[in-house]
Amino acid sequence: MKSLLDIKLGLFKKSLALAILLVLSHETFGQNPLVRDQFTADPTARVMNGKIYVFPSHDIRCEDTQGRPDWFCMEDYHVFSSSNLTDWEDHGMILSQYQVPWVDQESFSMWAPDAIEKDGKFYFYFPSKAKNRTLESDAPGVNGSSFKIGVAVAENPEGPYVPEKLPIANVDGIDPNVFIDHDGQAYLFWSQHHFFGAKLKPNMKELDSEVFTLKDFPDEGLKEGPFVFEREGLYYMVYPHVEKNTERIEYATSDSPLGPYTFQGVVMDESPTGCWTNHPSVAKLDEQWLFFYHHNDYSPNFDKNRSIRADSLFFDAEGKIQKITPTHRGIGISKAEIKIHLDRFSNHSKDGYSIEFLNPASPFDGWKSVFSKNGAWVQYNQVDFGNGKMKKVILNLQSKNNDGSLELRLGNEKGKLIAKEKINGSSDWKEIKVDLNDEVQGVQDLVLVYKGKGNIAVDWMSFN
Ligand code: FUB
């Protein structure tokens, strides 16, 4: 029999767990960038054990004595997962340059990785610079100081990953990508000026064929980061290529993984705000195709500190990929009770709306929405109100030099009005609570409209 003390302790533990959950639920995001407390780049997304895992590379800011100045600085990898595309969990560091015997530990060159499951084991592929010497007991074709590709193996997607002592023999290059066909045959692709591909042995650690150069891609302009997937019997390769100034994402298709490939078009244009690199992967969760890539959101002035993003991907009736416009909103449905950061918008008015860092000296604090014109609006799609129990909207805002009001509407800027509040000027950030004037149910697109003179800044809104 449980004592009264046990029961009280049990209740205390439950309330503590609930309190922690509530605090955590306010810290979760379903928006771009996906990871909001560190730089991440080159995302490979994979569905493993029924949920989505992202294996990105990890940009850091190096000391002057580390790596190459003003260049990529990357010493380890983390893995992230989500079961709802909204809440992302960092499972921590899974591999670092200091754990891999063949990697030059002063190179900080743990570049774009890939990971894949085969027969219940998880294989993590990563490029890095090899030590500038022939390694003892080198495998054929493994020496020198250029980029090699290594493998680390784990029993779970989250690791721990155990690296092989040597890189994969006869592979020189970066950006490994592994594809497993329906017949179980695995292929390794990588890049080094050209794209290369080869069959992998069932052990997933050695090549099982000659190395094929995939010749059907542009000669001019850097290309890298190949990612192969299959849909309805057609093999797609998405890849970054510099057609003009910076990398855009193109794609080609083939009837066989090793080609020949036929160029099909552009998946994502080069960034108008100047991140030189981009790096794609494609995953299908339930019936939804998702496209992962990166941009330098948290580091607008240094594009070697990047952040991973995701947007939905659609095919037309002929199987062609429809061009993707990068969004801040990203993927996933946001629960109405989380902090909804409107600066991760789906859309906004042409005039009078902009976003700014909350604190330019601390970009990971995030952004704010700034309304500076009568009628300016911002739209945030896919907010889940459940069965209509929400009574109030809470807005965290700053409204110095202001004389106006905010209107919350459903659908678009002229849609049904569900809340309206006159805003009194205040130079401090403050939370205001406004009654919803109607019951709101299900998943809704929301629009916040500013009516008035002066400026108003909104950090987030939430419902309770
Ligand atoms: O992250 C370092 C390199 O930048 C990657 O390996 C390339 O794909 C590019 O994104």
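A residue counts as buried when its relative accessible area is under 20% and as exposed when that area is over 50%, with partly exposed residues in between. The legends below apply this cut-off to close-up views of a predicted model.

**View 1. Cys275, a buried residue in the loop between β16 and β17.**
Cys275 has a relative accessible area of 1%, and because the cut-off for burial is under 20%, this residue is classed as buried. The loop that holds Cys275 runs between β16 and β17, the latter covering residues 281-285. Asn305 lies 30 residues away from Cys275 along the chain, and the C-alpha atoms of the two residues are separated by 9.5 Å.

**View 2. The surroundings of the ligand.**
The residues around the ligand are Asp42, Phe72, Met74, Trp111, Ala112, Asp175, Glu224, Thr277, His279, His294 and Arg306. In the side chain of Asp42, an N or O atom is 2.5 Å from an oxygen atom of the ligand, and a polar side-chain atom of Asp175 likewise lies 2.5 Å from a ligand oxygen atom. For His279, the separation between a polar side-chain atom and an oxygen atom of the ligand is 2.8 Å. Taken alone, the ligand exposes 280 Å², of which the protein buries 99%.

**View 3. Strand β10 and its two antiparallel partners, β9 and β11.**
Strand β10 spans residues 186-192, and six of its seven residues are buried, so the strand is largely enclosed by the rest of the structure. With β9, strand β10 forms five bridges in the antiparallel sense, and within this pairing Val178 stands opposite Leu188 of β10. The hairpin of β9 and β10 has five residues between the strands, and Gly184, which belongs to the turn, has a positive phi of about 90°. The pairing of β10 with β11, the strand of residues 194-200, is also antiparallel and extends over seven bridges, with Gly197 in β11 as the bridge partner of Phe189. One residue separates the strands in the hairpin of β10 and β11, where His193 takes a positive phi near 65°.

**View 4. An open sheet of four strands in the order β13-β14-β15-β16.**
The strands of this open sheet are paired in the antiparallel sense. Its edge strands are β13, residues 227-231, and β16, residues 262-268, each of which pairs on one side only. From one strand to the next, the twist averages 30°. Between the edges, strand β14 (residues 234-242) runs antiparallel to strand β15 (residues 247-254), and eight bridges join the two. Within this pair, Met237 stands opposite Ala252 in β15.

**View 5. Two cis peptide bonds, each leading into a proline.**
Most peptide bonds are trans. Asn32 and Pro33, however, are joined by a cis peptide bond with an omega of about -5°, and Pro33 sits in the loop between α1 (4-25) and β1 (41-48). A cis peptide bond also joins Gly259 and Pro260, here with an omega of about 5°, and the place of Pro260 is in the loop between β15 and β16.

**View 6. Asp119 and Asn170, two loop residues with positive phi.**
Most residues other than glycine have a negative phi. Asp119 is not a glycine, yet its phi is positive at about 50°; the residue lies in the loop between β5 (114-118) and β6 (121-129). At a relative accessible area of 70%, Asp119 is exposed. Asn170, which is not a glycine either, has a positive phi of about 70° and is found in the loop between β8 (162-163) and β9 (174-180). With a relative accessible area of 46%, Asn170 is partly exposed.

**View 7. Thr86 and the backbone oxygen of Ile333.**
Thr86 is placed in the loop between β3 (76-82) and β4 (89-96). This residue counts as buried because its relative accessibility is 5%, and its side chain reaches the backbone oxygen of Ile333 at 2.9 Å.

**View 8. Residues 338-464, recorded by UniProt as a CBM6 domain.**
The UniProt entry, which is unreviewed, places the feature "domain: CBM6" at residues 338-464. Over this stretch the chain is 0% helix and 54% strand, and the C-alpha atoms at its ends are 9 Å apart.

Notes
Residues are numbered from 1 along each chain as its sequence is written. This is a predicted model: local features need pLDDT of at least 70, side-chain atom pairs count only at pLDDT 80 or more; totals for chains, interfaces and linings use all residues. Side-chain values use heavy atoms; hydrogens and water are left out. Two strands pair if DSSP finds at least two bridges between them. Axes are lines fitted to C-alpha atoms, for helices over the stretch in contact, and angles run from 0 to 180 degrees between N-to-C directions. Buried means under 20% relative accessible area, exposed over 50%, partly exposed in between (1.4 Å probe, protein chains only). A polar contact is a pair of N or O atoms within 3.5 Å; within protein, one must be able to donate a hydrogen and the other to accept it, and residues adjacent in sequence count only if both atoms are side-chain atoms. UniProt positions are given in the numbering used here, feature names are shortened, and annotations may be inferred rather than shown by experiment. A residue is near a molecule or strand if one of its heavy atoms lies within 4 Å of it. Accessible areas come from the Shrake-Rupley method with a 1.4 Å probe; for residues, only the protein chains shown count as cover.
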